[in-house]
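I set down below what I looked up in this structure, entry by entry.

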Amino acid sequence: MKKIHIVLLVVIAIAIAGLLTLTKDITTYDSIESAKRKEGKYVHLIAKLDRSSPVVYDPVKDPNYLSFYAVDSLGARARVVYRNSKPTELEHSDRVVLKGQMNGEVFECKEILLKCPSKYKDDPNQQFKEFEKPVATADSTKTY
Amino acid sequence: MQYEGEHLFIGQLGHFFVLLSFVASILATYAYFKAAQTELSPETAGWLKMGRLAFGIQVFTIIAVFVVLYLIIYNHYFEYKYAYQHSKRSLDMQYLLSCFWEGQEGSFMLWTFWQSVLGLVVIRTAKQWESRVMTVVSLSQIFLTSFLIGIYFFDIRIGTGPFVLMRNEFPDAPVLQDPNYLFKYLTDGKGLNILLQNYWMVIHPPVLFLGFASSLIPFAYIVAGLWKRDHQSWTKPALSWSLFNGGILGLGIMMGAAWAYESLTFGGYWAWDPVENASLVPWMLMVAGIHTLLIYRSTGHSLKATYLFIPSGYLFVLYSTFLTRTGVLGDTSVHSFTGEGSTLYWHLILMMLSFLAVAVVAYWRERKNIPVIRKEESMNSREFWMFVGSLLFFVSAAYIIILTSLPFFNKILGTQWAIGQDVEYVYNRVMILVIIVISILTAITQYFKYKDTTRKYLWSNLLIPTVITLILSALVSFLGGFNYDKYGAGFLAAIHLAMWAGIYALIANGTYIFKVLKGNLKMAGASITHLGFALMVIGILISSSKKELISINNTGIAISGLTDVKGKAENPAENVTLIHGVPTPMGKYVVTYEGDSAVTKNDRVYFKINFKTGDTTAKKEDFNIYPNAFLVKGDEGMNLSSNPGARHYLTRDVFVYITSWLNPNAQAADTSAFRNTWVKKGDTVFYSKGYVLVDNVITANKNDNKDLPVVDSAWLSELKVISQDGRRYDATPAYFVKDRQPSVKVDTVYTQNLVLNINAVRGEEIELGIRESNAVMRYITLKAYGFPYINVLWAGTIIMVIGFFLSMYRRLKEKRG
């Protein structure tokens, strides 16, 4: 066998070992219910901000404490605590991906990814609703 | 119906140019293909001429399309969707170009434009290779322009035209059917994404797309070589092109990193985000390919590897476009672009498969005739170690792209996998090992000669750099203060090893330039590239492992039950709230929020944050940082989109961004009321975050105190406010009576949100009013980081790119000579 083949085998072996060690880092996307069943395990939740409950964030009291409720597409609901500053577009978001783990009834979130609708692209009709209150006239809105 | 104020001609002209461009590239492909097939026959010249003409028309039309779209954006013709969607009247001039890159159509235009320019260079320089290389280039142009044509083929729209009208795109919107819609409704555009309103975003996309475009040319040369059954003479031009690609793509990627560093709020230049990975992988493949191509040219080995690596570079450029543009990445990327629908998805798959087929078929036809050297490389040869390095680069590129593609695999296989808790570490722990090996190879490999090297030659040259490295490494390890222990001793050891390896690469390449090449910089392209690479490695290691969080907030609530990967207690919280005008200690600094600008016409606010070191610190610092933020109108009030500010030193950056701001204008009326309690000296009153101690109450009146000239009588209080975290503040509200009219002196303790007054008096007793309010405050919440030696990374990048171009220049000279 050529030396280069040995090198190849070694590299491939390392690559496979590398990918195998990954298995413990691979997690899954879950619903709130299935995350509750895996309490303490790190998961990704795909959910929505529950707008019927208040978003608690008071930077004067504690800039590293955010709490809100999330609902998923199956209708389950959970309180989410995020020990960091409030992502500024949270209320504006359409979907959120929450990375963290269930801790009792509370989802301890380590990272939030927001999916904000570019209203325009996702729902053009929504977009034009704001036009239907015709407050704007050509003169008043022109800014140069 | 007649619509008022529309400019329809310019859009029709633009659309005509797009179609002409598409047709011209089909024609160019066909003509060049025929020229290649009829090579050496009398017909060739005619076909070549036709190919050049068609390609020339294609170049002209794509430039015309650019100009037309620019005019539409510049003149604010909001009847066009592109202008409406991506621009706005108040947009600064310098960002008009960024509007192009924001949309998918503009990006494809830019890409097509660069491939056109490179095609012209090929026509001028390729000589015998022109017909074949240009067939591939023109084929790619057919695909790229087809993304822009936006015509219906049965019920499927192919591509998205940049010149579509709003009212045609949204036929169901009644407001757009109003003949006066342009004056009534579409008076202004949606504007440019604020993240793109940054000077890096004006230059980063063109450079990156030039990188993408230039990876096509080496691909085309390889296909041409296989097609012509010539395995030698394509290598010269392909090597120069690959070096150009390595330099430009590397530069483009690092400009993106600089943009992320300066305008994104990750607090870093690299986050292993899918969009970043997708452009890094083609670069790594190309670098692997450059090395195997060099081996082939010097020894005849590694040709098959080259046929794998270099074409993969372009195929992965296409794949990365697919990943980032079709929305497949969906939930995983911070800046994944919105999906543009399933047509684009299949369109890009078709393009990828076509080019894969081109490469595979070209190879398959020639597979039996590819020259292979049976004799084995010696362990003492340069080619052996170069090949090991290339292979490692290739495998690490595969590792990165497999992980990045997880969302795509999920889509195909219906699985739900995701990378878990610590995405960056999943990459870092593998890449640091790769970096150690690659850096050592970078250090020693040039000291080997091709074919065989004597031990004596090797050691006599490697001895000095090795000794210097050992000394420097020991110094760095003992005095450098590397103690990044988030991931335990193993990772820290890897950081030390990587530092040594980086230093070795730096010193060894530096000595090589002076000792072996005798300082002949013209020949030193490779060494300079490697030296720059070594600096980048060192810069990355220092700035990442010694990145310091300045805004440590220990006053927050302790977090129970949460531990990080290695089971250590959670990091201290990262955000600190600053009250206007109140100096707050933060690390070695005392930080004050001194003020903010008015909101500008672009809805941007600038903040002034002062940093001062304490008097005890030896090196005094006192500077201001001006982070800024855009106010974005959301459904429920204004959202803040932050833009970091930084103080740059030669050896470190202090980096700040605003995570939350209470906009005083938008503030709700203060509804809190005073809570009154009768107290006397020595009493205490509690409030929500501590208590107030009445230290003293002094009463005075005109009769017995001549120092009271203005008022008749006074009640002066001396209060101590003691908060939960043990801080103490003084407050002195007072109560005066003059001519039987009482007046009150209110005092405030900003940091505690307190307003204190004396409401009434009764002998020695006072009625103390305490109000806890949000409205008294102006505050911001921020994060601050220190990045040491980030400039080493930027300097390394520049040196590496210069190295690539020096090598390319040398190869071009060689060709002429």
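**Entry 1. A hairpin.** I began with K720(B), whose bridge partner in β18(B) is D730(B). The model is a predicted one. I noted that K720(B) and D730(B) belong to a ladder between β17 (residues 713-723) and β18 (residues 728-731) of chain B, antiparallel and made of four bridges. I then looked at the turn of this hairpin: four residues lie between the strands, and G726(B) has a positive phi near 90°.

**Entry 2. Chain B as a whole.** I listed 21 helices and 24 strands for chain B. I took the box filled by its C-alpha atoms along the principal axes, and obtained roughly 120 × 85 × 50 Å. Of the 817 residues in the chain, 47% count as buried. I also looked up the sequence range of the contacts: among those between residues at least 6 apart in sequence, 69% join residues at least 24 apart.

**Entry 3. An open sheet.** I followed four strands of chain B, which form an open sheet in the order β14-β23-β22-β21 with antiparallel pairing. The edges are β14 (675-679) and β21 (747-749), each of which pairs on one side only. For the turn between neighbouring strands of this sheet I noted an average of 30°, direction ignored. At one edge, β21(B) pairs with β22(B) (residues 754-762) over three bridges in the antiparallel sense. Within that pairing I located D747(B), which stands opposite L756(B) of β22(B).

**Entry 4. Nonpolar cores.** I looked up the largest nonpolar core and found 221 residues in it. The residues with the most contacts inside this core are V133(B), A220(B), Y221(B), V223(B), V537(B) and I538(B). I took up Y221(B) from this group and asked which residues it touches, leaving out those up to four places away in sequence. Y221(B) touches W129(B), V133(B), W234(B), P237(B), A238(B) and W241(B). Apart from the largest core lies another, of 22 residues, including I32(A), Y42(A), I46(A) and V80(A). I add a general remark: in soluble globular proteins, nonpolar side chains tend to be buried together.

**Entry 5. Helices α18 and α19.** I looked up the packing of α18(B) (residues 455-479) on α19(B) (residues 488-516): the angle is about 145° and the axes are 9 Å apart. The crossing of α18(B) and α19(B) is right-handed. On the side of α18(B), I noted among the contact residues I464(B), I468(B), L472(B), S473(B) and V476(B). On the side of α19(B), they include M499(B), W500(B), I503(B), I507(B) and K515(B). Sorted by class, the contact of α18(B) with α19(B) has 12 nonpolar, six polar and one charged residues.

**Entry 6. M499(B).** I stayed with α19 of chain B, in which M499(B) is found. Is M499(B) buried or exposed? M499(B) is buried, because 23 other C-beta atoms lie within 10 Å, and the cut-off for burial is 20 or more. Not counting residues up to four places away in sequence, M499(B) touches S473(B), V476(B), I538(B) and L541(B). I also checked M499(B) against A534(B), 35 residues apart along the chain, and found their C-alpha atoms separated by 9.5 Å.

**Entry 7. Helices α2 and α6.** I turned to α2(B) (residues 44-74) and α6(B) (residues 130-149), whose axes come within 11 Å and cross at roughly 35°. The crossing of α2(B) and α6(B) is left-handed. L48(B), G51(B), F55(B) and Q58(B) of α2(B) make the contact with E130(B), S131(B), M134(B), S138(B) and Q141(B) of α6(B). By class I noted three nonpolar, five polar and one charged residues in the contact of α2(B) with α6(B).

**Entry 8. Positive phi outside glycine.** I looked up S302(B), a residue other than glycine with a positive phi near 65°. S302(B) is in the loop between α12 (274-299) and α13 (303-325) of chain B. S302(B) counts as buried because 28 C-beta neighbours are inside 10 Å. I then looked up K518(B), which is not a glycine either and has a positive phi of about 50°. Its place is in the loop between α19 and α20 (525-545) of chain B. K518(B) is exposed: I found 9 other C-beta atoms within 10 Å, and the cut-off for exposure is 12 or fewer.

Key
Residues are numbered from 1 along each chain as its sequence is written. Chains are lettered from A and ligands numbered from 1 in the order in which they are written. This is a predicted model: local features need pLDDT of at least 70, side-chain atom pairs count only at pLDDT 80 or more; totals for chains, interfaces and linings use all residues. A nonpolar core is a set of buried Ala, Val, Leu, Ile, Met, Phe, Trp, Tyr and Cys residues joined through C-beta atoms within 7 Å. Two residues are in contact if their C-beta atoms, placed from the backbone, lie within 7 Å. Two strands pair if DSSP finds at least two bridges between them. Helices (H or I, at least four residues) and strands (E, at least two) are DSSP runs, numbered from the N terminus. Axes are lines fitted to C-alpha atoms, for helices over the stretch in contact, and angles run from 0 to 180 degrees between N-to-C directions. A crossing is left-handed if the near helix is turned anticlockwise from the far one by less than a right angle, and right-handed if clockwise. Ala, Val, Leu, Ile, Met, Phe, Trp, Tyr, Cys and Pro count as nonpolar, Asp, Glu, Lys and Arg as charged, and the others, Gly among them, as polar.
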